[in-house]
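Work through the exercises below with the sequence and the coordinates side by side. Each task is followed by a solution that proceeds step by step.

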Amino acid sequence: QVRLEESGGGLVQAGGSLRLSCTASGRTLYAMGWFRQAPGKDREFVAAISRSGGSSYYLDSAKGRFTISRDNAKNTVYLQMNSLKPEDTAVYYCAAGGSYSTARSAYPYWGQGTQVTVSS
């Protein structure tokens, strides 16, 4: 069993930055992913990182702006978001699973989400 807790969301102007954190408790050595869900839209993949942190993958629109990283000693995964755009506005969720994947189905454990709002 894994419990995930996100933090770091908030309101930021376009072009600004935020860093999201997700701290895991319980059994923690999982591949981790970040997903987001905007109002009226499906939850979509944003970024994923392998258990070791040696591999990562991004949504095309996030490449070059977002960076996923992890600190296994702190059981924490981060999503550094730079050059934010209004279309990045969504609830951001972290997820844990056995597979390093872009698919929601690969992640059985989910946090409650943190709101990110980017104003124009």
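## Exercise 1: the nonpolar cores

The largest nonpolar core holds 29 residues, and those with the most contacts inside it are Trp34, Leu79, Met81 and Tyr92. Such a core is a set of buried Ala, Val, Leu, Ile, Met, Phe, Trp, Tyr and Cys residues joined through side-chain atoms within 4.5 Å, where buried means under 20% relative accessible area, exposed over 50% and partly exposed in between (1.4 Å probe, protein chains only). The model is predicted, with local features requiring pLDDT of at least 70 and side-chain atom pairs counting only at pLDDT 80 or more, whereas totals for chains, interfaces and linings use all residues. Residues are numbered from 1 along each chain as its sequence is written, and side-chain values use heavy atoms, with hydrogens and water left out.

Task: find which elements give two or more residues to this core.

Solution. Step one is to list the contributors, which are strands E1 (2–7), E3 (18–26), E4 (31–37), E5 (44–49), E7 (66–71), E8 (76–81), E9 (90–97) and E11 (114–119). Step two is to look for a further cluster: a second, separate core has six residues, among them Ala48, Ala95, Ala106 and Tyr107.

## Exercise 2: the chain as a whole

Task: state how many helices and strands the protein chain has, and compare its radius of gyration with the globule rule.

Solution. Step one: the protein chain contains zero helices and eleven strands, these being DSSP runs numbered from the N terminus (helices H or I, at least four residues; strands E, at least two). Step two: the radius of gyration is 13 Å, close to the 14 Å that the globule rule gives for 120 residues, so the protein chain is as compact as a globular protein of that length. The radius is taken over C-alpha atoms, and the rule is 2.2 Å times the number of residues to the power 0.38. Step three: along the principal axes, the C-alpha atoms fill a box of roughly 40 × 25 × 25 Å. Step four: 45% of the 120 residues count as buried, and residues 24 or more positions apart account for 56% of the contacts (heavy atoms within 4.5 Å) with a separation of 6 or more.

## Exercise 3: two loop residues with positive phi

Task: locate Asn75 and Ser83, and decide whether each is buried, partly exposed or exposed.

Solution. Step one: Asn75 is found in the loop between E7 and E8, and its phi is near 55 degrees, a positive value in a residue other than glycine. With a relative accessible area of 31%, Asn75 is partly exposed. Step two: Ser83 sits in the loop between E8 and E9, and has a positive phi of about 50 degrees although it is not a glycine. Ser83 also counts as partly exposed, at 42% relative accessibility.

## Exercise 4: two exposed loop residues

Task: place Gly54 and Pro108 in the chain, and find which residues Pro108 contacts beyond its sequence neighbours.

Solution. Step one: Gly54 lies in the loop between E5 and strand E6 (56–58), where it is exposed, with a relative accessible area of 65%. Gly54 and Thr89 are 35 residues apart in sequence and 28 Å apart in space, C-alpha to C-alpha. Step two: Pro108 belongs to the loop between E9 and strand E10 (109–110), and counts as exposed at 55% relative accessibility. Step three: leaving aside neighbours within four places in sequence, Pro108 is in contact with Ala96 and Gly97, while the C-alpha atoms of Pro108 and Gly98, ten residues apart along the chain, are separated by 8.6 Å.
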